[in-house]
Amino acid sequence: MEEALNSTIHPACLQEPPLAMDVIKQLNMFEFCLYFILTLMSCISLLLYLEQCVFIYKKLSYPKRTTIIWISGAAPVIASMSCFGMWIPKAVLITDMTSNCYFAVVVYKVLVLMIEEFGGSKQFLKRFSGEHFKINTGPCCCCCCCLPRVSMSRRMLFLLKLGALQYAILKTVLSVLSLVLWTNGNFDLSDLEITGTSIWINPFIGVLTITSLWPVAIIFMNTNRFLRHLNIVPKYAMYQLVLILSQLQTSIINILALDGTIACAPPFSSQARGSLLSQKLMIMEMFIITLVNRFLFRRTYDTLPSEAQENNHNSKADLQAALVEHDV
């Protein structure tokens with residue numbers, strides 16, 4: 001029975017991803033045009049990002065310009081890596097890990113950006129030291145309303161930074177380890193056995209991801225009301241959208257491919273075809289996000305005024321209103 005079943009499966013469905021030249025030979029006119037358009041999208045995304053980097057480098061000062069360059073580069077970098085993975089299916093593991101390592105740094109940079117908008121760590125602590133921050137935010141504790149508020153301090157800020165930074169460091173280390181094991185044939189995403197390495201590494205990376213997203217959400221939920229005029233809400237929304245598309249969407253497609261829901265189409269196996277579909281979607285989505293980020297980040301603005309300056313401004317406004325009322 002098993003021999004009869006195996007005989008009906010195309011041999012290419014059981015093989016590794018094809019070489020780049022094999023992919024090119026299989027393309028018809030429609031597929032070639034599609035590949036060309038997607039490649040053009042990724043190139044445009046990269047060129048727009050490079051032009052934006054030059055603008056930001058000239059207009060903003062350190063360290064804010066470095067932070068913004070990192071954050072705004074998430075979509076173009078992912079689109080470029082997806083383009084390489086689309087043309088070279090055998091390199092998908094490397095391109096995906098490169099994109100994920102870059103985004104791991106972006107998670108930390110988003111937290112740094114929100115702190116830099118207040119003038120840096122010293123100004124942030126001067127403004128919020130002693131204030132109680134709520135920590136019942138996603139993705140860890142959004143439903144835990146009983147959690148007490150935590151007083152902001154230098155130690156608390158250090159722990160929040162460390163929580164976001166650990167993902168950037170450990171994700172890179174685990175990605176390098178995975179690539180080393182992959183070259184030796186010990187790392188395979190389709191190997192779900194308890195003895196496989198991927199079944200241990202990937203869940204651990206998932207825990208690290210959730211742990212790093214929590215500090216960023218805490219800072220955002222407690223400070224976004226002061227940064228709304230700097231478009232922090234749409235910037236944070238774009239960061240969350242990149243996270244969902246690059247992590248959750250890719251994981252869902254890979255699971256469907258491993259389950260056989262995504263059918264095999266020679267010369268692509270189910271897993272290779274799922275990866276190809278993910279790369280194509282990612283290029284289109286990241287191209288749109290690049291255009292939105294260009295509108296949000298390609299601008300200059302001053303540091304957020306301190307609380308004392310705001311109180312002084314408000315007192316002057318109240319005094320002027322009182323004088324006008326007295327004259328009347």
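Start at Met152 in this predicted model. Leaving aside residues up to four places away in sequence, Met152 touches Phe124, Leu125, Phe128, Ser129, Gly130, Glu131, Phe133, Leu157 and Leu160. Met152 is also one of the residues to look at in the largest nonpolar core, which has 67 residues: along with Phe124, Val216 and Met286, Met152 touches the most other members. If you want to know which element feeds this core, look at helix H6 (residues 92–116), which gives the largest share with 15 residues. There is a second, separate core too, made of 10 residues, and among them are Val23, Leu38, Ala272 and Ile283. As background, nonpolar side chains in soluble globular proteins tend to be buried together.

Now step back to the whole chain. Its secondary structure adds up to 12 helices and 2 strands. Reading from the N terminus, the order is α-α-α-α-α-α-α-β-β-α-α-α-α-α, so you can place the two strands by eye, given that strands and helices are numbered from the N terminus. The chain has 328 residues, and 42% of them are buried. Take the contacts in the chain with a separation of 6 or more: 76% of these are between residues 24 or more positions apart.

Next, the helix pairs. H6, the helix we met in the core, packs with helix H8 (residues 154–183) at an angle of about 170 degrees, and the two axes are 10 Å apart. Angles over 145 degrees count as roughly antiparallel, so that is what H6 is with respect to H8. Sorted by class, the residues in the contact of H6 with H8 are 18 nonpolar, 4 polar and 2 charged.

H8 has another partner in helix H9 (residues 198–223). Here the axes come within 8 Å and the crossing is at roughly 155 degrees, and therefore H8 and H9 are also roughly antiparallel to each other. Their crossing is left-handed. On the H8 side you'll find Leu160, Gly163, Ala164, Gln166, Tyr167, Leu170, Lys171, Leu174, Ser178 and Leu181. These meet Ile201, Phe204, Ile205, Leu208, Thr209, Thr211, Ser212, Pro215, Val216, Ile218 and Ile219 of H9. By class, that contact splits into 14 nonpolar, 6 polar and 1 charged. Two names here should ring a bell: Leu160 is among the residues that Met152 touches, and Val216 is one of the core members with the most contacts to other members.

The third pair is helix H5 (residues 74–87) with helix H11 (residues 270–297). They pack at about 150 degrees with their axes 8 Å apart, so H5 and H11 are roughly antiparallel to each other. This crossing is left-handed. H5 brings Ala75, Pro76, Ile78, Ala79, Met81, Ser82, Cys83, Gly85 and Met86 to the contact, while H11 brings Leu276, Gln279, Lys280, Met282, Ile283, Met286, Ile289 and Thr290. That comes to 12 nonpolar, 4 polar and 1 charged residues. Met286 turns up again as one of the well-connected members of the 67-residue core, whereas Ile283 belongs to the second, separate core.

Ser82 deserves its own look. This serine sits in helix H5, and its relative accessibility is 4%, so Ser82 counts as buried. Apart from residues up to four places away in sequence, Ser82 touches Gln279, Met282 and Ile283.

Finally, a tour of the loops. Between helix H3 (29–59) and helix H4 (64–72) lies Pro63, and the peptide bond from Tyr62 to Pro63 is cis, with omega near 5 degrees. Further along, the loop between H8 and H9 holds Leu192. With 57% relative accessibility, Leu192 counts as exposed. Leu192 and Leu258 are 66 residues apart along the chain, and their C-alpha atoms are separated by 9.9 Å. Last comes Asn231, in the loop between H9 and helix H10 (232–259). Asn231 is not a glycine, yet its phi is positive, at about 60 degrees. Its relative accessibility is 26%, so Asn231 counts as partly exposed.

Terms used. Residues numbered from 1 in each chain as written. Predicted model: local features only at pLDDT ≥ 70, side-chain atom pairs only at ≥ 80, totals over all residues. Heavy atoms only, no water. Core = buried A, V, L, I, M, F, W, Y, C linked by side-chain atoms within 4.5 Å. Buried < 20%, exposed > 50% of the residue type's maximum accessible area, 1.4 Å probe, protein only. Helix = DSSP H or I, 4+ residues; strand = E, 2+ residues; numbered from the N terminus. Contact = heavy atoms within 4.5 Å. Axes fitted to C-alpha atoms, helices over the stretch in contact; angles between N-to-C directions. Parallel < 35°, antiparallel > 145°, perpendicular 65-115°, else oblique. Left-handed = near helix turned anticlockwise from the far one by under 90°. Nonpolar A, V, L, I, M, F, W, Y, C, P; charged D, E, K, R; others polar.
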